[in-house]
Amino acid sequence: MPPLKFCANISWLFTELPEFTQRMRAAASAGFRAVEAAWIYNTDLKELKTVKDETGLEFALINTPPGDVNAGDLGLSAVPGREQEFRQGLDLAVQYAKALDCKRIHLMAGRVPAGADRCAVAMEMEDTFVQNLTHAAGVLSKEGILGLIEPINTRVTDPRYFLDSPHQAAVILQRVAHPSIRMQMDIFHWQIMDGNLTQNVRKYLPMTGHIQIAQVPDRHEPDSDGELSFSYLFKLLEELDYQGYIGCEYKPQRSTEAGLDWLRRYWKSHD
């Protein structure tokens with residue numbers, strides 16, 4: 001079985017360095033062959049591309065713009081009445097992805113509007129999500145880019161996030177029914193919302209286009225104290241022949257470099 005492929009999420013790792021370009025160089029020096037990031041839109045695209053080319057790094061994933069963060073936005077894909085803004089954000093994400101040869105874009109669903117009852121707006125938001133994802137599928141398929149939807153837990157991280165479980169995501173993917181839209185499996189969020197990871201991983205891996213990891217509950221390194229056995233989960237993913245990237249989206253307990261022993265051990269065991 002080939003070893004798993006890991007990429008550094010430079011929105012979370014190497015934050016000792018202020019610039020994304022510096023973090024890219026640090027990730028390459030640490031042995032990563034790929035990086036991912038949430039929002040890179042405040043960084044000059046030419047600089048990102050220059051460092052990417054110099055280091056040989058692959059850009060595995062970026063997110064669509066969140067909207068107006070100061071007004072409480074965290075994505076727009078499922079937010080009724082914001083369709084035009086979603087499309088503009090998608091176009092910007094595609095521009096960056098094409099320049100960086102990035103093949104995956106996380107299409108952020110967004111939050112239930114403040115003061116609204118989740119159950120009361122659920123169907124309208126799901127319909128909006130499906131319509132926006134259908135539009136995105138048409139745009140992304142022409143560019144050879146995969147669109148991803150990621151459940152984010154509403155118990156700890158974001159109580160108002162619309163998409164919060166793999167089961168909900170699967171229903172939406174079935175409605176969209178397009179190969180250019182798939183699921184993003186974040187093990188941290190899945191464990192908090194549903195647990196039952198072995199069965200959920202087996203069930204949903206065929207519709208998954210990207211994976212992210214962090215220990216539960218404190219979102220630190222995979223080998224830190226917590227609920228999950230990542231040695232077991234890595235073996236499971238190897239057995240299931242997962243060949244995509246696994247994004248390291250966690251908060252280092254100390255420096256990023258000091259916390260990478262788990263990854264060095266994995267690499268050494270697969271030499």
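The following dialogue examines helix packing, buried residues and backbone features in a predicted model.

Student: On what basis are the values in this model given?

Tutor: This is a predicted model, in which local features need pLDDT of at least 70 and side-chain atom pairs count only at pLDDT 80 or more, while totals for chains, interfaces and linings use all residues. Residues are numbered from 1 along each chain as its sequence is written, and side-chain values use heavy atoms, with hydrogens and water left out.

Student: Which residues does UniProt assign to the feature "domain: Xylose isomerase-like TIM barrel"?

Tutor: The annotation comes from an unreviewed UniProt entry; UniProt positions are given in the numbering used here, feature names are shortened, and annotations may be inferred rather than shown by experiment. The feature is placed at residues 25–265.

Student: Over residues 25–265, how far apart are the end C-alpha atoms?

Tutor: Helices (H or I, at least four residues) and strands (E, at least two) are DSSP runs, numbered from the N terminus. Over residues 25–265 the chain is 42% helix and 13% strand. The C-alpha atoms at the two ends are separated by 22 Å.

Student: Are helices α3 and α4 roughly parallel or roughly antiparallel to each other?

Tutor: Axes are lines fitted to C-alpha atoms, for helices over the stretch in contact, and angles run from 0 to 180 degrees between N-to-C directions. Angles under 35 degrees count as roughly parallel, over 145 as roughly antiparallel, 65 to 115 as roughly perpendicular and the rest as oblique. Helix α3 (residues 83–100) packs on helix α4 (residues 118–143) at an angle of about 25°, with the axes 11 Å apart. The two helices α3 and α4 are therefore roughly parallel.

Student: How do the residues of the contact of α3 with α4 divide by class?

Tutor: Contact means heavy atoms within 4.5 Å. From α3, the residues E83, F86, R87, L90, V94 and K98 meet T128, N132, H135, A136, V139, L140 and E143 of α4. Ala, Val, Leu, Ile, Met, Phe, Trp, Tyr, Cys and Pro count as nonpolar, Asp, Glu, Lys and Arg as charged, and the others, Gly among them, as polar. The residues of the contact of α3 with α4 are six nonpolar, three polar and four charged.

Student: Which residues of α2 make the contact with α1?

Tutor: The axes of helix α1 (residues 20–29) and helix α2 (residues 45–55) come within 9 Å and cross at roughly 10°. That angle makes α1 roughly parallel to α2. On the α1 side the contact is made by F20, T21, M24, R25 and A28, and on the α2 side by E47, L48, V51, K52, E54 and T55.

Student: Is the crossing of α7 and α8 left-handed or right-handed?

Tutor: Helix α7 (residues 197–204) and helix α8 (residues 230–239) pack at about 25°, their axes 11 Å apart. In this contact, L197, T198, V201 and R202 of α7 meet Y232, L233, L236, L237 and E239 of α8. A crossing is left-handed if the near helix is turned anticlockwise from the far one by less than a right angle, and right-handed if clockwise. The crossing of α7 and α8 is right-handed.

Student: Is I62 buried or exposed?

Tutor: I62 is found in strand β3 (residues 58–63). Not counting residues up to four places away in sequence, its contacts include A37, I40, Y41, Y96 and I105. Buried means under 20% relative accessible area, exposed over 50%, and partly exposed in between (1.4 Å probe, protein chains only). At 0% relative accessibility, I62 is buried.

Student: Which residues does P166 touch, leaving out those up to four places away in sequence?

Tutor: P166 lies in helix α5 (residues 166–176) and, at 1% relative accessibility, counts as buried. P166 and N200 are 34 residues apart in sequence, yet 8.0 Å apart in space, C-alpha to C-alpha. The residues that P166 touches are P151, M183, W190 and Y204.

Student: What is the relative accessible area of H189?

Tutor: H189 lies in helix α6 (residues 187–193). Apart from neighbours within four places in sequence, H189 is in contact with E150, P151, I152, N153, T157 and R219. H189 is buried, and its relative accessible area is 3%.

Student: Which residues does a cis peptide bond join?

Tutor: The omega of this bond is about 15°. One partner, P217, lies in the loop between β7 (208–213) and α8. The cis peptide bond joins V216 and P217.

Student: What is the phi of D101?

Tutor: D101 lies in the loop between α3 and β4 (104–106), and D101 is partly exposed, with a relative accessible area of 43%. Its phi is positive in a residue other than glycine, near 55°.
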